[in-house]
Number of protein chains: 2
Amino acid sequence: MDVAAAAGVSKSLVSLALRGDHGVSAATSARILDAAERLGYRSNTLARGLVQGRTMLLGVLLTDLANPYHTEVVSGVEEAAEERGFTVLLAHGRRDRARLARQLDALLQLNVDGVVVVSSWPEPQVLAAAARRVPVVMVGRPETPAPGVDTVANDDRAGAEAAVRHLAELGHERIAHLAGSGRPASRAREAGYRETMRNLGLAAHTTVRGVGGGSDHGTDSGTGGAGSRERAAAELLATGPTAVFATNDLAALAVLDRAHEAGRPAPGGVSVVGYDNTSLAETVRPRLTSVDQPRLVMGRLATGLLLERLGGRVEDRHEVLTPDLVVRASTAPPRPR
Amino acid sequence: MDVAAAAGVSKSLVSLALRGDHGVSAATSARILDAAERLGYRSNTLARGLVQGRTMLLGVLLTDLANPYHTEVVSGVEEAAEERGFTVLLAHGRRDRARLARQLDALLQLNVDGVVVVSSWPEPQVLAAAARRVPVVMVGRPETPAPGVDTVANDDRAGAEAAVRHLAELGHERIAHLAGSGRPASRAREAGYRETMRNLGLAAHTTVRGVGGGSDHGTDSGTGGAGSRERAAAELLATGPTAVFATNDLAALAVLDRAHEAGRPAPGGVSVVGYDNTSLAETVRPRLTSVDQPRLVMGRLATGLLLERLGGRVEDRHEVLTPDLVVRASTAPPRPR
DNA sequence: AAACGAATCTGGAACGTTCCAGATTCGGGT
DNA sequence: ACCCGAATCTGGAACGTTCCAGATTCGTTT
C-alpha cells in the first residue's frame, strides 16, 4: 500500500484511519487521509470482502430492464439498502432462463450478501441453490417458489376486486374481463374477477376472453403478441359489455383501441380498467384507470426481509401487499340507454 | 478449499481442472468436477480478481433505469460483452450527481475492467478521474466530456435533417420546431432543424418554441415538466404550422394532444415527428413517426471501444452514428386548402 | 523513580484464488 | 539398468485488505 509509505506509517494504521477508527491520533489521521487523497487511492472491495466474509453488496436480479414495473421496485430496494450502508448491483437476465441463472451465479461469485430477484422467471431449483448460500427474496411472484426464499407480492385477487367494485359502483353490470396468459399473476386476477362478480350478484354477466392458449409455460405474457391481444379484445367487445377489466395495462390499451375503432370510445362507449399502473396509463388517451401495486414499498420491504435474514431469521416469510386503484379518465358511469 | 480435500488432490490442481487446463488427466479432472458439483462449489470472483488484476467484469453506469432509451443501449453492451466472456454489472445512479459519483466509485472499487456510462450526467472531472484507472466510454453525449474518455453518440443534426426533409418531401413548408431544454442534444437538434430549413429554402418558415428557460443546468430535460411542454406546444400550434418536428417523443406527444384538442388531429390537421423512437411512439395514436437512434449498435460499439482500450489503444476515439427515420402514421401530406 | 494504564501504532496471519517453480511418476529408448 | 522427457501433480508466494496480539510511547499515580 503506497499510501502507507507516503504517510510514513504501517498499512494497518492506514486501514484504521480510512475507516475512521477513533484509536488513531488526529494528526496522523489527517496525514494519512491527505496522502490517500493525493494518490487517488480507493480501497479494494475485493480484498476487503475476501477477509471480512461480507461485502456490503446487495445483488438485484432483473428479467427485464425495460419493464417500468421492475424498475420502480429496484428504486425501493436501493433506497432501503443505501440507508443501511449497502451498495446495490444490478444483473440483467433478460427473458432467458439460462442467462438468468448465469447472472445469478455471477452475483453469488461476487460474494454479494443477498439477492433480490425481481422477476418470476428463474427456475425454483436455481433459486433454492442460491438461497443455500445467501438470503434470497423474490418480488412479484404470488406463490412461494422454493424453500428458503422469502417473497413479496401484491394481492392480485384484491386488486381485481377493487377494479370490479369500482366499475360496479359506477353502475356497470356487464363487466367483462380480458385475461392474460396462464401465468400465476393473471390467473389470480381472473379468479379475483370471477369471485367479485359472484359476490356482487353479477355472476350472470361474467365474461372472459384471454390471449394465448393458456399454456402455463408460454414464452411471454401474452403469447402470440400484440395481434392475439387485439383479437381477444375485439372478441370481448363483441359480447357487448359496458365495462372491461383488463389483466394489465397493455391489454387495456388494446381494448381502448378496439373500442375507439368500433365507434364506442372510452369512457362513454365502454369503461376500461388496467392493472400495474405503468407509465402507459399516464400517456394513453383517455388516461387509464389502473390498479397500482405499491412498487416502491415492495422494494423496500424486500430489502427489509433480506436484512432480517442476515440478522439470523431462519423461517420463511411471505409478504402480501394490497394494491390501490388509481382512478383516471377511462372509467365513467354507463351511458343510459 | 474443501473440494481439494474431497477429491484428494491439491488446491492448485482443483484450480487447473476447473479452468479446463489440458494438463490434468481425464480421470482426475472428472473426480474433481464431480466433487465440486456435489459440494455446490463456485469460484470466488473476488479472490481471482485480486490475484489476476482483472475481473472480466464490465460496469455500466446508468442515470435512469426507467428510460427505455438507456436500456436498449445496455442490451447492446451486454451482447457484445458476453461474446467476449465479460460479465456486465449495472449500477444505477438516478438523476443525482452525488449518487452517480458514488456508484461509479463502487464499480471502480470492485475492480471492474472498464465502465460504460449511459448518461450525460456525470461531471467531467469525476469521469476523468475514473478514466485514469480503467477505460471509460460514454454513450449518448454529443461532445467529448473529458480527456481519456471515448464517446459514442448519434448525429443529432443528421437526425433533425432527416425529419425535416421527410416533412418537406410530403409537401410541407410551414414546418415548426418544438425545442427542448438547453442540453447539448436538444441544441444540436435545433441547429440541425434551422440549418435544414435554410438549405431547403424554407428559412422564412422557421419557427421555434421551447420548453424551459434554456438554462443549461436545468434539473431535467424539459424543466418545468409536462405543463411547460403543453404550453409550448399550444403556443407553437397557434403560429399555424402544417407540420411540427419535436425534440423528443414526449414533446411530440404533447403536440399530438394539443392538436387533437384544437380540432386538427394528426396527421390530417398537422404532421408530427418525434425523436428517439421510444416505446411511446408505438403506443400513442396515431403511431408516431420518429427518429431512431441505433441504440443496440451504439451499445455494441461502446463495448468494442472499451476492449480496444484494454488492448492498449491510447488515443481517444469519438464515434458518431447516423440515426434512421421510422415513418409511422403521424405524418402525411398537408391538407390542400 | 518505578509502575501502571491508556493511547497509539506495528507486524504477521488470514481470506480464496492464481501463478510459478519445481517434484514426482511413468513409459520408452538406449 | 539407466536416463530422459513428457505428463501430471504439488507447495508456497502473491494479490490488498482486515484482524488480532502485542509493542511502543507517554502522562499520571504512587
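## Exercises on a predicted protein–DNA model

In this predicted model, the C-alpha centres of domain 1 of chain A and domain 2 of chain A are 37 Å apart. Keep that spacing in mind as you work through the exercises.

**Exercise 1. Find out which residue ranges make up the domains of chain A.**

Solution. Start with domain 1, which covers 2–43. Next comes domain 2, written as two pieces, 56–155 + 295–321. Finish with domain 3, which takes in 156–293.

**Exercise 2. Work out which residues come nearest to DNA strand D, and what some of them touch.**

Solution. Step one: there are 24 residues around DNA strand D, and the nearest are Ser15(A), Arg19(A), Tyr41(A), Ser12(B) and Thr28(B). As for the DNA side, sugar and phosphate make up 66% of the strand D atoms that come within 4 Å of the protein.

Step two: pick out some contacts. The side chain of Tyr41(A) has an N or O atom 2.6 Å from a phosphate oxygen of strand D. For the side chain of Gln52(A), the distance to a phosphate oxygen is 3.4 Å. Ser12(B) reaches a base instead: an N or O atom of its side chain sits 2.6 Å from a base oxygen.

Step three: look at the elements. Those giving two or more residues to the surface near strand D are α2 and α4 (45–52) of chain A, plus α2 (11–18) and α4 (45–52) of chain B. The most comes from α4(A), with four residues.

**Exercise 3. Now turn to DNA strand C: which element gives the most to the surface near it?**

Solution. First, a few contacts with phosphate oxygens of strand C. Ser10(A) has a backbone N or O atom 2.9 Å from one, Ser25(A) has a polar backbone atom at 3.1 Å, and Thr28(A) has a polar side-chain atom at 2.7 Å. Two or more residues near strand C come from each of α2 and α4 of chain A and α2 and α4 of chain B. The top contributor is α4(B), with four residues.

**Exercise 4. Decide whether Leu18(A) and Ala281(A) are buried, partly exposed or exposed.**

Solution. Leu18(A) belongs to helix α2 (residues 11–18) of chain A. Its relative accessible area is 35%, so Leu18(A) is partly exposed. Together with Leu33(A), Leu39(A) and Tyr41(A), Leu18(A) makes a nonpolar surface patch of about 320 Å².

Ala281(A) is in helix α12 (residues 279–283) of chain A. Its relative accessibility is 0%, so Ala281(A) counts as buried.

Note on methods: Residues are numbered from 1 along each chain as its sequence is written. Chains are lettered from A and ligands numbered from 1 in the order in which they are written. This is a predicted model: local features need pLDDT of at least 70, side-chain atom pairs count only at pLDDT 80 or more; totals for chains, interfaces and linings use all residues. Side-chain values use heavy atoms; hydrogens and water are left out. Patches are made of residues with over 30% relative accessible area and no salt bridge: like charges are joined within 9 Å, nonpolar side chains (Val, Leu, Ile, Met, Phe, Trp, Tyr) within 5 Å. Accessible areas come from the Shrake-Rupley method with a 1.4 Å probe; for residues, only the protein chains shown count as cover. A salt bridge is a side-chain nitrogen of Lys or Arg within 4 Å of a carboxyl oxygen of Asp or Glu. Buried means under 20% relative accessible area, exposed over 50%, partly exposed in between (1.4 Å probe, protein chains only). Domain bounds come from an automatic or database domain assignment. A residue is near a molecule or strand if one of its heavy atoms lies within 4 Å of it. A polar contact is a pair of N or O atoms within 3.5 Å; within protein, one must be able to donate a hydrogen and the other to accept it, and residues adjacent in sequence count only if both atoms are side-chain atoms.
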